[in-house]
Every structure is written in C-alpha cells, then in structure tokens.
Amino acid sequence: MAALIKATNITKVYHKTSVPVHAINNLSVEIAEGEFTAIVGPSGCGKTTLLNILGGLDQPTSGTVMIDGVDISRMKDSDLIDFRLHNIGFVFQAYNLIPVLTALENIEFIMLLQKRSRKERVARAKELLEQMNIADKADHRPGELSGGQQQRVAVARALASNPRFILADEPTANLDSVSTENLLDLMARINREQKATFIFSTHDQRVMDKARRLIRLVDGAIVSDDVRS
Amino acid sequence: MLAILAWRNVWRHKGRSAVVIGAMVVGIWSLTFGAAFMNSFLLSYIETSIRHDVSNGQIHHPEFTKDFDIKFTIAEPERIVRFLEENESVAHVARRSIVNGMIASSRQATGVKIVGVEPAEESRVTLLDSLISEGSYFEGVTGHPVLLGRRLSEKLKVGLKSKIVLTFQDVEGNITAGSFRVAGILDASSTTIDEGSAFVLREDLNRLLGIRDAVHEIAYTTFPGTEDDVLASQVQAAFPNEMVRSWHDLSPLLVFMEQWMGAILQMLIVIIMLALAFGIVNTMLMAVLERVREVGVMIALGTRRGRVFLMIVIETLFLSTAGGPVGLLAGYLTISWLGKRGIDLSDYSEGLKSIGYESVLHPQLFPSDYVTIVIGVLITAILASLYPAWKAIRMQPVDAIRGV
Ligand SMILES: Nc1ncnc2c1ncn2[C@@H]1O[C@H](COP(=O)(O)OP(=O)(O)OP(=O)(O)O)[C@@H](O)[C@H]1O
Ligand SMILES: [Mg+2]
C-alpha cells in the first residue's frame with residue numbers, strides 16, 4: 001500500500017544566526033493511513049519543524065514531501081492554503097480557537113471555508129461536539145471553556161474538514177494530567193473507530209505510552225522508530 | 001460568517017472601538033452641520049440677490065445691455081408681459097425704464113442708476129416696498145417721488161421730503177433734469193440699491209427721457225421649482241429679437257456661489273475624514289497586530305489571504321460606519337431645528353448686510369449632500385482599511401503560530 005505521507009531526504013536550514021541551524025537533517029519518513037504516531041525528542045530536536053513541513057505550513061530547504069502522491073514541498077502559497085484546507089487537520093499547543101466564535105461556530109468555520117451547506121455544517125459540528133463529550137458547550141466562546149475543553153473543540157475542528165490526517169504539535173502541553181488522559185483517549189478512540197490518522201509530538205511519557213508508533217528525533221534526524229502492537 | 005466575525009471583532013475592545021465610533025459620530029455631525037451652515041450663507045446670498053435684485057429672469061433689447069443706451073427699448077413690451085403672465089411658472093412681472101445719470105442735493109452730487117418702476121409691479125417682483133425703512137412707498141410727497149438707499153441719502157445729506165435733482169441725457173441727446181422729492185429711504189443689503197440707485201415712477205422718467213411708454217427692462221419671478229434656464233429659452237424662442245436671460249446668465253457670481261456649495265462640502269469631507277482616517281488606521285493596525293496569532297491560525301487552517309483581507313476591510317467598514325447613522329441623524333436634526341428657527345446673526349449683521357447677507361441664516365442641506373457624505377465616509381473607511389488588511393495578509397502562519 002502506498003504511503004499516505006512520504007517525506008524523502010528533507011532538510012531544513014535556518015540562516016537567522018551567523019551559524020546556520022540544521023533543524024531537520026536529511027530525514028526520510030513514511031506514514032501510512034490509520035497511524036497513531038508520536039514524534040518525541042528533546043527540546044529543539046526539530047519536532048515542530050518536522051510537523052510544519054509535513055503539514056505544508058513550512059517548506060523544506062531540500063527534499064520532497066508527497067501526500068497521496070502530490071508533492072507539496074514546491075507548491076505555491078495559495079495552492080498550499082487550499083491543499084491544507086481539504087487535506088490536513090491541525091491541533092495546536094495553545095488551542096488557538098477563534099475567540100469571538102462559539103465552540104460550534106469554530107467547528108463550522110472550517111467547513112464554511114470548504115463551502116459546505118449550513119445544514120451539513122451544523123449537523124457535523126454537533127456530531128463532533130458529541131463525540132468529544134462537549135455538546136453542552138456548543139454555544140460557549142473559548143474564553144468560557146477550560147483548557148481541556150478548548151483542546152477538545154480544537155480536535156473537533158481538525159476533524160470537521162474530513163482531512164487525510166491530523167497533525168498535533170504538543171496538544172497536551174498546556175493540559176493537566178486528567179485532561180491529557182481524557183484528550184488522548186478521545187483521539188485514540190476516533191483513530192480506532194474512524195481510521196483517522198494522527199501524528200502528534202509530545203514530551204509527556206504518558207502520551208508516548210498511548211502511541212502505536214514512536215519516532216524519536218535528535219538534532220533533526222530519526223534515531224529510533226518503533227511500532228508497537 | 002466573515003461579516004459576523006468582523007462585527008464581533010469590532011466589539012472585542014469596546015472602549016477602543018467606542019472612541020473611534022464616537023469620533024465618527026462627532027465628525028459626521030460637524031461635517032453635516034458645518035456644510036449646512038456654510039451653505040446657508042451662500043444660499044441666503046443667492047436668494048436675496050434673486051429676490052431683491054436680479055429676479056429669476058430679465059429681458060432687454062440686446063444692444064441695451066452693452067452700455068445702457070436708452071434708445072434701445074424693448075420692441076413689444078405688452079406682448080411679452082402678456083406672454084409671461086400666461087405662463088404658469090411665472091409669478092410676477094415688472095417693467096422698468098433705466099438711465100444712468102447724476103443725482104444732486106443742495107450739498108452733494110454723485111453718479112446713480114435711475115430706475116423708473118411701476119410701484120405695484122415692483123412691490124411684487126423685488127419686494128421694493130419691504131425695504132422702506134423711513135417714509136413711504138412713492139407716497140406722501142407733493143411732486144415727483146423718489147426712493148433712495150440709506151447710504152446714498154447719507155452721502156447726499158438728504159432726508160425725507162428733501163428735494164433732489166436728477167440729471168441725464170434724453171433720447172435726443174439733450175441734457176435734461178427733473179426735480180424729485182424723497183418719499184422713502186430704503187434699507188437694503190444690496191450695495192447697488194443702498195448707494196447706487198434712485199427709484200422713480202416710470203411715467204415720470206419716461207416723460208423726461210421722451211420715450212413715451214417704452215420699456216428697457218422686464219423682470220419676472222417664477223414659482224419655486226421652476227427650471228429658470230428652460231423657461232428663459234422658451235421666452236427667448238418666442239421673442240427672438242430680444243435678449244432673455246435667467247439669473248444664471250445675469251449673475252455669474254451667483255452661479256459660482258452655487259457651485260461653491262458643493263465644493264465646500266467636499267472640502268469639509270476631505271479635511272474631517274482625513275483626520276478621522278488616521279484614528280481608524282491606528283485602531284485597525286492595533287487590532288491586526290494583537291491578532292497576529294489568530295490570523296496566522298486562520299491562514300494555517302486554510303483561509304485564503306483574500307478572505308482575510310476582506311475580513312479586515314469589513315471590520316474597518318463596520319468600525320467606521322457604525323457611528324454614521326447616529327452622526328447623520330444628529331446632523332439632520334440639528335439642521336432641521338436650526339433651519340426652522342434660524343440662526344440670528346444680527347449682532348454681526350451690520351458687517352454681513354454690507355456684503356449682501358440676510359442676518360438670520362437657515363442652515364440646510366440637500367438630500368444629495370447626505371448621499372455625498374455617506375459616499376465620503378465609505379471611501380474613507382475602505383482607504384483606511386487597506387494598510388491594516390495588507391499587514392494582516394503578509395503574515396506567515398509558521399511565524400505567527402510560533403509567536404515570533
Ligand atoms: N524561525 C526559526 N528561526 C531560526 N531558528 C529556528 C526557527 N524555528 C526553529 N528554529 C531552530 O530549529 C531547531 C528546531 O526547532 P523546533 O521548534 O522544531 O524544535 P522542537 O523539537 O519543536 O522543540 P520544543 O520541544 O522545544 O518545541 C531549534 O534549534 C530552533 O532554535
Ligand atoms: Mg516544538
């Protein structure tokens with residue numbers, strides 16, 4: 001089976017300082033559909049940089065990233081925006097919901113960009129809030145929600161666009177242990193039941209324990225890649 | 001949803017937005033009121049000039065208008081008067097004889113325009129009788145009555161019932177003179193009337209000129225709403241040998257003033273909106289810069305830059321126009337109230353009168369002026385939104401999310 005994501009020899013060099021920083025160093029990786037994969041490693045090892053490149057938020061200095069056979073590493077900005085909208089879901093460490101929209105509207109927003117009908121949007125958003133156990137918070141704005149609740153809305157938002165995979169950069173870094181556990185269980189269930197592909201980075205041992213594949217980075221290169229049953 | 005998003009974003013900083021909206025209310029109010037107030041000066045001048053001086057239209061022998069040679073009289077005045085009186089746009093008609101000459105009292109002499117009028121006609125057309133401040137309208141004296149402006153009477157050092165002599169050339173070119181008695185003194189805002197004219201009975205003047213029943217000038221007034229230019233060309237077509245002119249042709253100054261009204265409004269819009277635009281740009285820049293991360297996330301999730309741009313433009317439009325209705329309404333109410341009540345400038349009116357203004361002004365604005373203001377505000381808002389919107393779309397989502 002062809003890989004969902006196929007990154008080949010990617011390198012990312014930052015030239016902001018006098019000494020160039022090799023954030024990603026000739027890295028190749030393949031991700032298949034339905035994976036539940038954690039990217040781990042010490043601070044500064046390149047986790048965020050890698051996820052940004054896989055998600056088309058950033059472009060590699062060299063190397064290619066193919067998603068479903070489409071090369072996104074040389075796509076022009078406006079095409080990349082549309083590509084992200086239809087293929088990739090994002091969850092950020094700081095939740096990053098739109099503060100003036102309610103939970104329901106935040107989820108609707110992305111489907112609106114996809115030009116889906118209002119009826120479809122509302123139905124899907126409600127269904128997702130249900131799945132994330134926060135249906136009762138539909139009409140609350142992010143400021144009125146706890147961190148754990150906001151992050152569950154963020155996951156619902158990422159799922160709403162029916163993406164090919166979801167990238168989550170340290171989604172639990174701002175959460176307490178109960179919320180962390182809770183969020184990971186929900187993500188794992190959706191992965192199991194809906195075959196949604198998740199790739200997330202973390203520092204948290206308990207989060208790593210939930211992952212079914214663990215990719216360890218050091219200095220922008222993969223040092224270990226374990227698949228567990 | 002872009003509009004909902006923009007509208008809610010406006011209210012994220014209630015105080016800050018309220019300041020901008022308040023400034024727009026005050027700005028639009030002062031714009032409306034300022035333009036109306038300045039319009040009222042010009043309108044008052046134009047109306048006064050038409051009412052008391054040029055009338056809505058005048059008819060002359062084409063040669064007469066060149067140097068007031070008295071032999072160029074109107075060919076068939078009675079037919080013209082009848083034609084005008086039958087026209088339903090025409091309110092009143094007055095016939096005049098005119099000659100330039102000298103006026104002399106026992107103390108002084110000066111040049112003057114001598115106008116022979118039909119008192120009843122003249123009181124309807126130029127309201128000449130309403131200007132009488134002393135004495136009466138061609139009555140109360142034995143002999144031939146004359147009306148003088150106050151300034152002229154002071155110059156000649158004459159009062160009511162004083163004798164004055166008018167000297168001029170008759171139709172044969174002989175110098176002729178007639179003695180008259182001051183029947184009334186006129187208080188007019190127009191300097192021509194105040195110091196340059198002497199009004200006598202047409203029959204008296206015509207006899208001295210030796211032109212029997214001839215007429216030099218026919219002036220007419222029209223009902224409000226009449227297209228004076230159209231009417232003038234109709235009359236002209238009916239009497240091709242005479243020269244028919246509406247007030248537009250008679251007084252280029254009035255036309256100029258009419259155009260100025262529009263220009264004043266536009267100038268005020270530019271000045272006031274320019275000042276407000278800085279406030280709007282500043283507020284929107286702050287709004288965009290404190291939302292760097294949010295805008296970055298929107299782009300990361302797949303929002304096209306064009307939509308982000310539009311969102312900021314809409315937000316700016318909301319911010320700038322939210323106060324518009326209130327400002328316009330406040331302006332409208334102020335204007336209608338003052339328009340009815342009038343602004344009494346009689347404390348300053350000596351100065352104003354001397355340059356031709358009434359002392360009570362009635363501010364007014366035309367419906368089209370409100371449209372101009374609305375367009376001005378919209379253009380300002382759109383221009384003010386461009387820079388902040390451009391700033392917003394230049395964001396790179398990676399940088400924004402990393403919090404650079
Ligand atoms: N915009 C940038 N300009 C210059 N250097 C950068 C930039 N972004 C990242 N880096 C550098 O690239 C390297 C990898 O950074 P990255 O953020 O990917 O690490 P990370 O594994 O996500 O770390 P953390 O666990 O702390 O989030 C670091 O050395 C970092 O300093
Ligand atoms: Mg990171």
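What percentage of the 229 residues of chain A count as buried? Keep that question in mind as you select chain A, the opening stop of this tour. Remember throughout that you are looking at a predicted model.

**Stop 1: chain A as a whole**

The answer is that 58% of the 229 residues count as buried. Colour chain A by secondary structure, and you can look for 7 helices and 10 strands. The radius of gyration of chain A is 17 Å, close to the 17 Å that the globule rule gives for 229 residues, so chain A is as compact as a globular protein of that length. If you draw a box around its C-alpha atoms along the principal axes, the box is roughly 50 × 40 × 40 Å.

Now switch on a surface for chain A. Its accessible area comes to about 9700 Å², and carbon and sulfur atoms supply 50% of that. You could also colour the charges: chain A has 28 positive and 28 negative ones, and the mean positions of the two sets lie 2 Å apart. Contacts tell you about the fold too. Among those in chain A with a separation of 6 or more, 68% link residues that are 24 or more positions apart.

**Stop 2: a sheet in chain A**

Stay with chain A and select strands S2, S1, S4 and S5. In that order they make an open sheet of 4 strands with antiparallel pairing. Which strands are at the edges? They are S2 (21-31) and S5 (70-71) of chain A, each of which pairs on one side only.

Strands of a sheet pair through backbone hydrogen bonds, either parallel or antiparallel. For a good example, select residues 5-14 (strand S1) and residues 62-67 (strand S4) of chain A: these two run antiparallel and are joined by 5 bridges. To see one of the pairs, click on Ala7(A), whose bridge partner in S4(A) is Val65(A).

**Stop 3: a loop residue in chain A**

Next, select Tyr95(A). You will find Tyr95(A) in the loop between strand S6 (88-91) and helix H3 (103-113) of chain A. Its phi is near 60°, a positive value in a residue other than glycine. Is Tyr95(A) buried or exposed? Tyr95(A) has a relative accessible area of 11%, so it counts as buried.

**Stop 4: a hairpin in chain B, and its parallel neighbour**

Move over to chain B and select residues 90-104 (strand S2) and residues 109-117 (strand S3). These strands run antiparallel, with 9 bridges joining them. Together S2(B) and S3(B) form a hairpin that has 4 residues between the two strands. Within this pairing, Ile98(B) has Val115(B) as its bridge partner in S3(B).

Keep Val115(B) selected, and add residues 197-201, strand S8 of chain B. S3(B) and S8(B) pair in the parallel sense over 5 bridges. Here the bridge partner of Val115(B) is Phe199(B).

**Stop 5: strand S1 of chain B**

In a regular strand the side chains alternate between the two faces of the sheet. To see this for yourself, show the side chains of residues 57-60, strand S1 of chain B. Gly57(B) and Ile59(B) point one way, Gln58(B) and His60(B) point the other way, and all are buried.

What does S1(B) pair with? With strand S9 (residues 217-222) of chain B, it pairs in the antiparallel sense over 3 bridges, and Gln58(B) has Ala219(B) as its partner there. With strand S10 (residues 243-246) of chain B, S1(B) also pairs in the antiparallel sense, over 4 bridges. In S10(B), the partner of Ile59(B) is Val244(B).

**Stop 6: helix H5 of chain B and the loop after it**

Select residues 119-125, helix H5 of chain B, and pick out Ser123(B). Ser123(B) has a relative accessible area of 17%, so it is buried. Setting aside residues up to four places away in sequence, Ser123(B) touches Leu128(B), Asp129(B) and Tyr137(B).

Then click on Leu127(B), in the loop between H5 and strand S4 (132-135) of chain B. Leu127(B) has a phi near 55°, a positive value in a residue other than glycine. At 26% relative accessibility, Leu127(B) counts as partly exposed.

**Stop 7: helix H1 of chain B**

Finish with Leu2(B), in helix H1 (residues 2-10) of chain B. With a relative accessibility of 12%, Leu2(B) counts as buried. Apart from neighbours within four places in sequence, its contacts are Arg307(B), Leu310(B) and Met311(B). For a last view, draw a distance from Leu2(B) to Gly210(B): they are 208 residues apart in sequence and 84 Å apart in space, C-alpha to C-alpha.

Conventions:
Residues numbered from 1 in each chain as written. Chains lettered and ligands numbered in written order. Predicted model: local features only at pLDDT ≥ 70, side-chain atom pairs only at ≥ 80, totals over all residues. Heavy atoms only, no water. Rg over C-alpha atoms; globule rule 2.2 N^0.38 Å. Buried < 20%, exposed > 50% of the residue type's maximum accessible area, 1.4 Å probe, protein only. Contact = heavy atoms within 4.5 Å. Areas by Shrake-Rupley, 256 points an atom, 1.4 Å probe, with all protein chains shown as cover. Lys, Arg positive; Asp, Glu negative; His and termini not counted. Charge placed at Lys NZ, Arg CZ, Asp CG, Glu CD. Pairing = 2+ DSSP bridges.
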